[in-house]
Amino acid sequence: MEKTITARTGNEAMAEAMRQINPDVCAAYPITPATEIMQIFAGFVNDGRVKTNLITVESEHSAMSACVGSAAAGARTMTATSSQGLALMHEILFIASGIRLPIVMADVNRALSAPINIHCDHSDTMAERDSGWIQIFSENTQEAYDSMLQANRIAEHKDVITPVMVTTDGFIISHGMERLEMYPDAEVQKFVGEYKPQYTVLDVDHPITVGSLVLTDYYLEYKKAQHEAMKAAKRVILEVGKEFGKTFGREYGLIETYKADDADFILVAMGSTAGTAKAAIEELRQEGIKAGLLKIRVFRPFPAEEIAAVLTKAKAVAVLDRCESMSNQAGPVATEVKAGLYDAGVKVPLASYIYGLGGREIYIEDIKNVYRELKNIAEGKLKPEQAKYIGLKE
Amino acid sequence: MSSPKQAAAVENKLTGGHRACAGCGFPIAIKEVLSSCKDPIVVVSATGCLEVTTTIYPYSAWKVPFLHNAFENAGATCSGVEGAYQSLKKQGKITKNIKFVAFGGDGGTYDIGLQSLSGAMERGHDMLYVCNNNEAYMNTGVQRSSATPRGANTTTSPAGKVINGKQQNPKDLTEIMAAHNIPYVAQTTVGMWPDATKKFEKAFSITGAKFVNIYAPCIPGWGYDNSQTIKISKLVVDTCMWPIYEVENGKYKINYKPSVKLPITEFYKTQTRFKALLKDEAAIASIQAYYDAKWARLQLMEEATNKA
């Protein structure tokens, strides 16, 4: 396969992925730092490079509402947003997943107001973690592009039929120029395949009612069916990730580990910080500290067993959250990791950290300090703290 | 245009046995809409009585495709359905001509869904939006909306000892929609079947965004006997509080001018929601003046927009 090596920002890569997928409908609304995705895509539409009907709505609430209408009509439907935009979609995200519509969305992670801030953290996506959407995080532009190309296959799979959001870290990935390996349009289209929905409201000869009032007698069963779909999603994400690897040379799973096999100290992170952590690990290994990384790629469905299996061998674990849940305990990632460890019967000293809120930089040195703290915890010199802030001004 | 008798001979696409009140206004509006469309039709609905009473799982009263999303987004949802249709039709994946209608109550249209409706109309989707105006939030138990008339008793604007019912005049949504400069905007009432069906037929014959505001009385919300829906929905027109008119490509046409313009109290007397208001002569005089001025303005609009 002839791959094209190019330099692209995360937003450009997302837009290119959407061009190659060539969806039937996109409905979107501008918001920093995701605006560019739809801006670039609008160029593709108006230059006739895609067949997509781009609906430029008057709010994100309407963007997701139009996506629901479009997907219920059997069209392959995509959108992109960020932060306040995702928050404004909140109500309709649950409806999209509840009535089982395989919409695919690019979300550029950005802090939520107040105070208003346009830079990266994961609070927007984390606030939607229970919305019934599959959530895939990206470490870099390549992963964002690759995950977008897998998203429709996962969302539309007959055992899943659940919407997917693929996220990038705002500005860090969305506006950072990186090396990107692109695959030929025809190969991408072959991989993504034709969308053939089972039911649509445009099938006027077989009328269906979508969005019924479901009361106490069936609501529970309805939700259980969704629960089962999320379970199946785990298997399907792995299958699609494997097939993607065979086709394009890069395999994807639910998690990724880096030097974790023999690691004494494992750090759990998501998004672009995983890359920073890899650099820190390289330096620490030279100092003789056995540091390793567990990167969570798929946050929903949550890969609890897979995470526990990796962390069981560690002497101490640190979980990094780019989000505050104001629980006084830990961020959402750490909370879920701890729940997974409990269920697996793994008792390992675990410290949780809050970092990078509102785009605050995280440096290799910051991460090395976390590992040093883990060493002290393992040696009994330090008690593990929860929700400890990294990089706070004195 | 059809008579109710002719329409009765056509297969009903909203089956009986749904759970709307006997004598309710909105099922009449739905029948007027569905019987006026010759092509296959897809229905989108906002949350409200219409959706709640016709789609209780595992049953559905709809013999046409029906989609309910949320309360405030029937406009945007329908624009998504229509957008999908345009895309799939262009690609040759759909060959049929299909029409699209979105229904919302006054709460879902005048208030919470106004932005979504405005956006859909501005973008010019080939769809008809029908507002079932029963002048309050009836599904949640008669709360005031921006369509509720001044002086009406609702559960959030009760006829109290100090404040007597709703204090504001209703928003003029039909005029707001006319200001969108879409090809067709109209106002009608469920009780005037030929007028309503003529307007819906016309709306379906026009490409682009269309809006029809239909007056649909609510028995428990307004307080009247369920045999009186048609009578009351006609009576309002004779008071000129709810004029029957249309705006086609900017030109106003009043479709019905009462030979004898009745005082608003004739309408108020038929419903318990105005019981307390009827005792307040000063308020009645002020409201009458308001509607008189509106009626005069509408006639001027008709005159002004039809000048050669």
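Here is a friendly chat between a visitor and a guide about a predicted model with chains A and B.

Visitor: How many helices and strands does chain B have, and how compact is chain B?
Guide: Chain B contains 12 helices and 8 strands. Its C-alpha trace spans about 65 × 55 × 40 Å along the principal axes. The globule rule gives 19 Å for 308 residues, and the radius of gyration of chain B is close to that, so chain B is as compact as a globular protein of that length, with a value of 19 Å.

Visitor: Which element of chain B gives the most residues to the side that touches chain A?
Guide: Let's start with the whole contact, which takes 38 residues from chain A and 40 residues from chain B. On the chain B side, β1 (41–45), α3 (49–54), β2 (66–68), α4 (74–90) and α6 (114–122) each supply at least two residues. The element that gives the most, with 12 residues, is α4(B).

Visitor: On that side of chain B, how many residues are nonpolar, polar and charged?
Guide: We can sort the residues of chain B that touch chain A by class. The count comes to 4 charged, 15 polar and 21 nonpolar residues.

Visitor: Which residue of chain B stands opposite Thr209(A)?
Guide: Look for strand β9 of chain A, residues 209–210. This strand pairs with β2(B) in the parallel sense, over 2 bridges. Within β2(B), the residue opposite Thr209(A) is Phe66(B).

Visitor: Which element gives the largest share of the side of domain 1 of chain A that touches domain 2 of chain A?
Guide: The domain assignment splits chain A into domain 1 (4–248) and domain 2 (255–389), and their C-alpha centres lie 28 Å apart. Their contact takes 27 residues from domain 1 and 20 residues from domain 2. On the domain 1 side, the elements giving two or more residues are α5 (123–126), β6 (134–137) and α8 (219–248) of chain A. The largest share, 5 residues, comes from α8(A).

Visitor: And how do the residues on that side of domain 1 of chain A divide by class?
Guide: Here we sort the residues of domain 1 of chain A that touch domain 2 of chain A. They divide into 6 charged, 8 polar and 13 nonpolar.

Visitor: How are α10(A) and α11(A) oriented to each other, roughly parallel or roughly perpendicular?
Guide: Helix α10 (residues 304–311) and helix α11 (residues 332–343) of chain A have axes 9 Å apart and pack at an angle of about 75 degrees. Angles of 65 to 115 degrees count as roughly perpendicular. The two helices, α10(A) and α11(A), are therefore roughly perpendicular.

Visitor: Which residues of α10(A) make the contact with α11(A)?
Guide: The residues of this contact divide into 7 nonpolar, 1 polar and 1 charged. From α11(A) come Val337(A), Ala339(A), Gly340(A), Leu341(A) and Asp343(A). From α10(A) come Ala304(A), Ile307(A), Ala308(A) and Leu311(A).

Visitor: What is omega at the cis peptide bond between Ser113(A) and Ala114(A)?
Guide: Most peptide bonds are trans. A cis bond joins Thr32(A) and Pro33(A), with omega about 0 degrees, and Pro33(A) lies in the loop between β2 (25–28) and α2 (35–46) of chain A. Ala114(A) sits in the loop between β5 (104–109) and α5 of chain A. For the cis bond from Ser113(A) to Ala114(A), omega is about -5 degrees.

Visitor: What is phi of Asn181(B)?
Guide: Most residues other than glycine have a negative phi. Asn181(B), in the loop between α7 (173–178) and β5 (184–189) of chain B, has a positive phi, near 55 degrees.

Conventions: Residues are numbered from 1 along each chain as its sequence is written. Chains are lettered from A and ligands numbered from 1 in the order in which they are written. This is a predicted model: local features need pLDDT of at least 70, side-chain atom pairs count only at pLDDT 80 or more; totals for chains, interfaces and linings use all residues. Two residues are in contact if their C-beta atoms, placed from the backbone, lie within 7 Å. Helices (H or I, at least four residues) and strands (E, at least two) are DSSP runs, numbered from the N terminus. Ala, Val, Leu, Ile, Met, Phe, Trp, Tyr, Cys and Pro count as nonpolar, Asp, Glu, Lys and Arg as charged, and the others, Gly among them, as polar. Two strands pair if DSSP finds at least two bridges between them. Domain bounds come from an automatic or database domain assignment. Axes are lines fitted to C-alpha atoms, for helices over the stretch in contact, and angles run from 0 to 180 degrees between N-to-C directions. Angles under 35 degrees count as roughly parallel, over 145 as roughly antiparallel, 65 to 115 as roughly perpendicular and the rest as oblique. The radius of gyration is taken over C-alpha atoms; the globule rule is 2.2 Å times the number of residues to the power 0.38.
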